[in-house]
Amino acid sequence: MRIDIITVLPEILEGFFNQSILMRAQKKGLAEIHLHNLRDYTADKHRRVDDYPYGGFAGMVMQCEPIDNCISSLKSQRHYDEVIFTSPDGEQFTQSVANGLSLYENIILLCGHYKGIDHRIREHLITREISIGDYVLTGGELAAAVIADAVVRIIPGVIGDEQSALSDCFQDNLLAAPVYTRPADYKGWKVPDILLSGDEARIKDWEINQCYERTRLLRPDLLDED
Ligand code: SAH
(Lines give C-alpha, C1' and ligand atoms only; values in the text may rest on other atoms or scores of the structure.)
Protein backbone atom coordinates (compact mmCIF):
# COMPACT_ATOMS: atom_id res chain seq x y z
CA MET A 1 0.00 0.00 0.00
CA ARG A 2 1.14 3.52 -0.82
CA ILE A 3 0.17 6.65 1.15
CA ASP A 4 1.00 10.10 -0.24
CA ILE A 5 0.76 12.90 2.31
CA ILE A 6 0.51 16.51 1.14
CA THR A 7 1.57 19.05 3.77
CA VAL A 8 3.20 22.44 4.33
CA LEU A 9 5.16 20.89 7.22
CA PRO A 10 6.79 17.65 6.02
CA GLU A 11 9.46 18.02 8.74
CA ILE A 12 6.87 17.31 11.44
CA LEU A 13 6.03 13.95 9.87
CA GLU A 14 9.49 12.79 8.73
CA GLY A 15 10.64 11.70 12.19
CA PHE A 16 7.37 9.96 12.90
CA PHE A 17 7.40 7.77 9.82
CA ASN A 18 11.11 6.98 10.18
CA GLN A 19 10.71 5.07 13.42
CA SER A 20 10.10 1.51 14.59
CA ILE A 21 7.10 -0.35 13.20
CA LEU A 22 6.24 2.15 10.46
CA MET A 23 9.86 2.20 9.29
CA ARG A 24 10.00 -1.59 9.32
CA ALA A 25 6.77 -1.80 7.31
CA GLN A 26 8.37 0.40 4.67
CA LYS A 27 11.64 -1.56 4.68
CA LYS A 28 9.71 -4.83 4.28
CA GLY A 29 7.97 -3.30 1.25
CA LEU A 30 4.52 -3.60 2.88
CA ALA A 31 3.87 0.14 2.90
CA GLU A 32 5.26 3.21 1.18
CA ILE A 33 4.76 6.62 2.73
CA HIS A 34 5.68 9.66 0.64
CA LEU A 35 5.66 13.21 1.96
CA HIS A 36 5.08 16.11 -0.45
CA ASN A 37 5.81 19.70 0.46
CA LEU A 38 2.92 21.75 -0.91
CA ARG A 39 5.25 24.72 -1.35
CA ASP A 40 7.03 22.81 -4.16
CA TYR A 41 3.82 23.11 -6.19
CA THR A 42 3.27 26.86 -6.22
CA ALA A 43 4.47 29.33 -8.86
CA ASP A 44 4.65 32.05 -6.18
CA LYS A 45 8.19 33.31 -5.82
CA HIS A 46 7.89 33.42 -2.03
CA ARG A 47 6.47 29.86 -2.07
CA ARG A 48 3.26 31.07 -0.44
CA VAL A 49 0.33 28.68 -0.59
CA ASP A 50 -2.29 30.72 1.34
CA ASP A 51 -4.21 33.96 0.87
CA TYR A 52 -6.90 36.09 2.53
CA PRO A 53 -10.45 34.70 2.52
CA TYR A 54 -13.13 36.30 0.37
CA GLY A 55 -15.85 37.93 2.49
CA GLY A 56 -13.46 39.57 4.92
CA PHE A 57 -13.38 36.64 7.37
CA ALA A 58 -10.49 36.11 9.80
CA GLY A 59 -7.55 33.80 9.08
CA MET A 60 -5.84 32.56 5.93
CA VAL A 61 -7.01 29.98 3.41
CA MET A 62 -4.93 27.50 1.43
CA GLN A 63 -5.20 28.24 -2.29
CA CYS A 64 -6.53 25.95 -5.02
CA GLU A 65 -3.59 26.06 -7.39
CA PRO A 66 -0.77 24.39 -5.41
CA ILE A 67 -3.13 21.70 -4.09
CA ASP A 68 -4.53 21.05 -7.58
CA ASN A 69 -0.99 20.94 -9.03
CA CYS A 70 0.20 18.46 -6.42
CA ILE A 71 -2.83 16.14 -6.61
CA SER A 72 -2.82 16.26 -10.44
CA SER A 73 0.87 15.42 -10.55
CA LEU A 74 0.33 12.39 -8.26
CA LYS A 75 -2.75 11.26 -10.20
CA SER A 76 -0.84 11.42 -13.48
CA GLN A 77 1.53 8.78 -12.09
CA ARG A 78 -0.94 6.24 -10.67
CA HIS A 79 -4.57 5.60 -9.80
CA TYR A 80 -5.70 6.65 -6.33
CA ASP A 81 -8.52 4.85 -4.51
CA GLU A 82 -9.28 7.89 -2.36
CA VAL A 83 -8.12 11.51 -2.08
CA ILE A 84 -8.72 12.20 1.60
CA PHE A 85 -8.86 15.59 3.28
CA THR A 86 -8.30 15.67 7.05
CA SER A 87 -11.02 17.89 8.45
CA PRO A 88 -12.83 18.35 11.79
CA ASP A 89 -16.17 18.21 9.96
CA GLY A 90 -15.37 14.93 8.19
CA GLU A 91 -16.58 11.41 8.94
CA GLN A 92 -15.30 10.12 12.29
CA PHE A 93 -12.13 8.01 12.05
CA THR A 94 -12.69 4.58 13.65
CA GLN A 95 -11.06 1.14 13.55
CA SER A 96 -13.55 0.09 10.89
CA VAL A 97 -12.60 3.07 8.68
CA ALA A 98 -8.93 2.12 9.21
CA ASN A 99 -9.66 -1.52 8.28
CA GLY A 100 -11.36 -0.37 5.07
CA LEU A 101 -8.55 1.99 4.08
CA SER A 102 -5.91 -0.69 4.69
CA LEU A 103 -7.35 -2.68 1.76
CA TYR A 104 -6.55 0.09 -0.73
CA GLU A 105 -3.52 0.28 -3.04
CA ASN A 106 -2.96 4.04 -3.10
CA ILE A 107 -4.41 6.88 -1.07
CA ILE A 108 -3.66 10.60 -0.76
CA LEU A 109 -3.95 12.40 2.60
CA LEU A 110 -4.18 16.17 2.33
CA CYS A 111 -3.34 18.14 5.47
CA GLY A 112 -5.11 21.47 5.88
CA HIS A 113 -3.66 24.46 7.70
CA TYR A 114 -4.69 27.94 8.82
CA LYS A 115 -8.49 28.36 8.35
CA GLY A 116 -8.56 25.37 6.01
CA ILE A 117 -8.49 24.92 2.23
CA ASP A 118 -10.40 26.68 -0.55
CA HIS A 119 -13.76 24.89 -0.60
CA ARG A 120 -13.59 24.30 -4.36
CA ILE A 121 -10.85 21.71 -3.78
CA ARG A 122 -13.21 19.83 -1.47
CA GLU A 123 -15.96 19.97 -4.09
CA HIS A 124 -13.88 18.92 -7.07
CA LEU A 125 -10.86 16.87 -5.98
CA ILE A 126 -11.50 15.38 -2.55
CA THR A 127 -13.29 12.01 -2.48
CA ARG A 128 -13.49 11.58 1.30
CA GLU A 129 -13.11 13.73 4.42
CA ILE A 130 -12.00 12.29 7.75
CA SER A 131 -11.94 13.77 11.25
CA ILE A 132 -9.92 12.23 14.08
CA GLY A 133 -12.22 13.70 16.73
CA ASP A 134 -14.41 16.59 17.80
CA TYR A 135 -11.67 19.12 18.48
CA VAL A 136 -9.67 21.45 16.24
CA LEU A 137 -5.95 21.05 15.60
CA THR A 138 -3.66 23.69 14.08
CA GLY A 139 -3.01 21.49 11.06
CA GLY A 140 -3.86 18.13 9.51
CA GLU A 141 -0.40 16.61 10.08
CA LEU A 142 -1.24 14.88 13.35
CA ALA A 143 -4.51 13.64 11.85
CA ALA A 144 -2.62 12.25 8.83
CA ALA A 145 -0.11 10.58 11.16
CA VAL A 146 -2.92 9.01 13.20
CA ILE A 147 -4.68 7.71 10.08
CA ALA A 148 -1.51 6.39 8.43
CA ASP A 149 -0.34 4.71 11.65
CA ALA A 150 -3.67 2.98 12.31
CA VAL A 151 -3.94 1.85 8.68
CA VAL A 152 -0.36 0.60 8.22
CA ARG A 153 -0.20 -1.41 11.46
CA ILE A 154 -3.06 -3.67 10.35
CA ILE A 155 -1.58 -4.53 6.95
CA PRO A 156 -0.82 -8.28 7.25
CA GLY A 157 2.85 -8.81 8.10
CA VAL A 158 3.49 -5.34 9.55
CA ILE A 159 3.08 -6.42 13.16
CA GLY A 160 5.16 -9.55 13.76
CA ASP A 161 2.41 -11.65 15.31
CA GLU A 162 -0.66 -11.13 13.12
CA GLN A 163 -2.97 -12.25 15.89
CA SER A 164 -1.73 -9.31 17.85
CA ALA A 165 -3.46 -6.69 15.66
CA LEU A 166 -6.64 -8.78 15.51
CA SER A 167 -6.95 -8.96 19.29
CA ASP A 168 -6.65 -5.20 19.81
CA CYS A 169 -9.47 -2.97 20.97
CA PHE A 170 -12.33 -2.27 18.54
CA GLN A 171 -11.79 -5.30 16.31
CA ASP A 172 -15.19 -7.05 16.59
CA ASN A 173 -16.47 -3.97 18.48
CA LEU A 174 -14.86 -5.23 21.69
CA LEU A 175 -12.25 -3.76 24.00
CA ALA A 176 -9.06 -5.78 24.45
CA ALA A 177 -8.39 -8.03 27.45
CA PRO A 178 -5.78 -6.88 29.99
CA VAL A 179 -2.20 -8.04 29.41
CA TYR A 180 0.56 -8.98 31.89
CA THR A 181 4.26 -9.82 31.71
CA ARG A 182 6.97 -11.08 34.06
CA PRO A 183 7.29 -11.19 37.03
CA ALA A 184 4.14 -13.08 38.05
CA ASP A 185 4.24 -11.41 41.44
CA TYR A 186 5.35 -7.78 41.65
CA LYS A 187 5.20 -6.30 45.17
CA GLY A 188 2.37 -8.74 45.90
CA TRP A 189 0.43 -7.58 42.79
CA LYS A 190 -0.42 -10.92 41.22
CA VAL A 191 -1.03 -11.95 37.62
CA PRO A 192 -4.39 -13.84 37.40
CA ASP A 193 -3.73 -17.54 38.15
CA ILE A 194 -5.50 -18.69 35.01
CA LEU A 195 -2.80 -17.10 32.81
CA LEU A 196 -0.14 -19.23 34.53
CA SER A 197 -2.17 -22.45 34.24
CA GLY A 198 -1.00 -23.42 30.76
CA ASP A 199 -4.59 -24.49 29.93
CA GLU A 200 -5.01 -22.88 26.50
CA ALA A 201 -8.77 -23.44 26.19
CA ARG A 202 -9.54 -21.94 29.60
CA ILE A 203 -7.17 -19.03 28.93
CA LYS A 204 -8.99 -18.33 25.65
CA ASP A 205 -12.36 -18.38 27.50
CA TRP A 206 -10.95 -16.02 30.12
CA GLU A 207 -9.75 -13.64 27.40
CA ILE A 208 -13.14 -13.57 25.65
CA ASN A 209 -14.93 -13.05 28.97
CA GLN A 210 -12.61 -10.18 29.82
CA CYS A 211 -13.26 -8.54 26.44
CA TYR A 212 -17.03 -8.65 27.00
CA GLU A 213 -16.82 -7.61 30.65
CA ARG A 214 -14.58 -4.62 29.96
CA THR A 215 -16.71 -3.56 27.00
CA ARG A 216 -19.90 -3.82 29.05
CA LEU A 217 -18.29 -1.79 31.83
CA LEU A 218 -16.36 0.84 29.88
CA ARG A 219 -18.01 1.12 26.45
CA PRO A 220 -21.47 -0.46 26.49
CA ASP A 221 -22.32 1.58 23.37
CA LEU A 222 -20.01 -0.72 21.33
CA LEU A 223 -22.17 -3.78 22.10
CA ASP A 224 -25.18 -2.08 20.48
CA GLU A 225 -23.34 -1.61 17.16
CA ASP A 226 -23.65 -4.10 14.31
N1 SAH B 1 -11.63 26.36 10.15
C2 SAH B 1 -11.62 24.95 10.22
C3 SAH B 1 -10.50 24.42 11.10
C4 SAH B 1 -9.16 24.60 10.50
S5 SAH B 1 -7.94 23.82 11.45
C6 SAH B 1 -12.94 24.47 10.84
O7 SAH B 1 -13.47 25.12 11.72
O8 SAH B 1 -13.40 23.40 10.43
C9 SAH B 1 -6.68 23.58 10.24
C10 SAH B 1 -6.60 22.22 9.63
O11 SAH B 1 -6.27 21.25 10.62
C12 SAH B 1 -7.86 21.69 8.98
O13 SAH B 1 -8.02 22.16 7.67
C14 SAH B 1 -7.62 20.17 9.01
O15 SAH B 1 -6.85 19.75 7.90
C16 SAH B 1 -6.81 19.99 10.28
N17 SAH B 1 -7.63 19.53 11.40
C18 SAH B 1 -7.99 20.24 12.49
N19 SAH B 1 -8.73 19.52 13.33
C20 SAH B 1 -8.85 18.28 12.80
C21 SAH B 1 -9.52 17.09 13.20
N22 SAH B 1 -10.21 17.01 14.33
N23 SAH B 1 -9.44 16.00 12.39
C24 SAH B 1 -8.76 16.07 11.22
N25 SAH B 1 -8.11 17.18 10.79
C26 SAH B 1 -8.15 18.29 11.56
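1. A polar contact is a pair of N or O atoms within 3.5 Å, and in this predicted model one such pair is formed by an oxygen atom of the ligand and a polar backbone atom of Gly140, which are 3.4 Å apart.

2. Two further backbone contacts involve nitrogen on the ligand side: a nitrogen atom of the ligand lies 3.0 Å from a backbone N or O atom of Leu137, and a ligand nitrogen is also found 3.4 Å from a polar backbone atom of Ser87. There are 20 residues around the ligand, and those that come nearest are Thr86, Gly112, Lys115, Gly133 and Tyr135.

3. Two packed helices are described by the angle between their axes and the distance between the axes. For helix H1 (residues 10–17) and helix H6 (residues 141–152), the axes come within 10 Å and cross at roughly 25°; angles under 35 degrees count as roughly parallel, and H1 and H6 are therefore roughly parallel to each other. The crossing in which H1 passes H6 is right-handed.

4. The residues that meet at this contact are Ile12, Leu13, Phe16 and Phe17 from H1, and Glu141, Ala145, Ala148 and Asp149 from H6. Sorted by class, the contact comprises six nonpolar residues and two charged ones, with no polar residues.

5. Two backbone details deserve a look, given that most residues other than glycine have a negative phi, and most peptide bonds are trans. Ser20, which is found in helix H2 (residues 20–27), has a positive phi near 25°. Arg182 and Pro183 are joined by a cis peptide bond with omega of about 0°, and Pro183 is placed in the loop between helix H7 (162–166) and strand S8 (185–186).

How values were computed:
Residues are numbered from 1 along each chain as its sequence is written. This is a predicted model: local features need pLDDT of at least 70, side-chain atom pairs count only at pLDDT 80 or more; totals for chains, interfaces and linings use all residues. Side-chain values use heavy atoms; hydrogens and water are left out. Axes are lines fitted to C-alpha atoms, for helices over the stretch in contact, and angles run from 0 to 180 degrees between N-to-C directions. Helices (H or I, at least four residues) and strands (E, at least two) are DSSP runs, numbered from the N terminus. Angles under 35 degrees count as roughly parallel, over 145 as roughly antiparallel, 65 to 115 as roughly perpendicular and the rest as oblique. A crossing is left-handed if the near helix is turned anticlockwise from the far one by less than a right angle, and right-handed if clockwise. Contact means heavy atoms within 4.5 Å. Ala, Val, Leu, Ile, Met, Phe, Trp, Tyr, Cys and Pro count as nonpolar, Asp, Glu, Lys and Arg as charged, and the others, Gly among them, as polar. A residue is near a molecule or strand if one of its heavy atoms lies within 4 Å of it. A polar contact is a pair of N or O atoms within 3.5 Å; within protein, one must be able to donate a hydrogen and the other to accept it, and residues adjacent in sequence count only if both atoms are side-chain atoms.
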